[in-house]
Amino acid sequence: MRVAIIGAGPAGLSCAYELEKHDIVPTIFEEKSYIGENTDFSTCTLKLFDRSITNPIKRLDRKYNIKLSPFRSLKEIIMISPNRQSTVRGNLGLIFSRGEHKDSLENQLA
């Protein structure tokens, strides 16, 4: 079987990982000559509701041997509307760095 994956972002790399577990080696097509976005930015995994997986980073490591390092923990979200401002505090999720640098989420997955 021949499989092509378009894009070497987190979804494409995750798909390749799953296929390789079943002895299917996909070909990944990426428009750029590097993995990651050409602009650095951050992305968050939010834990705003009660979830069955309390620590997804530990679960990825334990179950799939995928080691990811978040940039930092998300401890506060400030929501601002025209008439009101609210703040939510706690263990709300994780912040991952994105982009072409070596510690980005894409390069950690690769």
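These are my notebook entries on a few residues I looked up in this predicted model.

**Entry: serine 42**

I began with serine 42 and found its place in strand 3, which covers residues 41-46. Is serine 42 buried or exposed? Neither quite fits: serine 42 counts as partly exposed, at 47% relative accessibility. Leaving out residues up to four places away in sequence, I noted that serine 42 touches Ile95, Phe96 and Arg98. I also checked leucine 105, which is 63 residues from serine 42 along the chain, and the C-alpha atoms of the two are separated by 9.3 Å.

**Entry: arginine 98**

Arg98 came up as a contact of serine 42, so I turned to arginine 98 next and placed it in strand 5 (residues 85-98). Arginine 98 has a relative accessible area of 13% and is buried, because the cut-off for that is under 20%. Which side chain does the side chain of arginine 98 meet in a polar contact? I found glutamate 106 there, at 2.6 Å. With residues up to four places away in sequence not counted, arginine 98 touches a list of residues including Pro10, Glu37, Phe41, Ser42, Leu105 and Glu106.

**Entry: aromatic pair**

How many aromatic pairs does the structure hold? I got 1. Tyrosine 17 and tyrosine 64 form it, edge-to-face, with 6.3 Å centre to centre and 85 degrees between the planes. Tyrosine 17 lies in helix 1 (residues 10-21) and tyrosine 64 in helix 2 (residues 56-64), so the pair ties together parts that are 47 residues apart in sequence. I checked exposure too: tyrosine 17 is partly exposed at 28% relative accessible area, and tyrosine 64 is partly exposed at 21%.

How values were computed
Residues numbered from 1 in each chain as written. Predicted model: local features only at pLDDT ≥ 70, side-chain atom pairs only at ≥ 80, totals over all residues. Heavy atoms only, no water. Helix = DSSP H or I, 4+ residues; strand = E, 2+ residues; numbered from the N terminus. Buried < 20%, exposed > 50% of the residue type's maximum accessible area, 1.4 Å probe, protein only. Contact = heavy atoms within 4.5 Å. Phe/Tyr/Trp six-rings, centres within 6.5 Å; stacked < 30°, edge-to-face > 60°. Polar contact = N/O pair within 3.5 Å; in protein donor to acceptor, adjacent residues only side chain to side chain.
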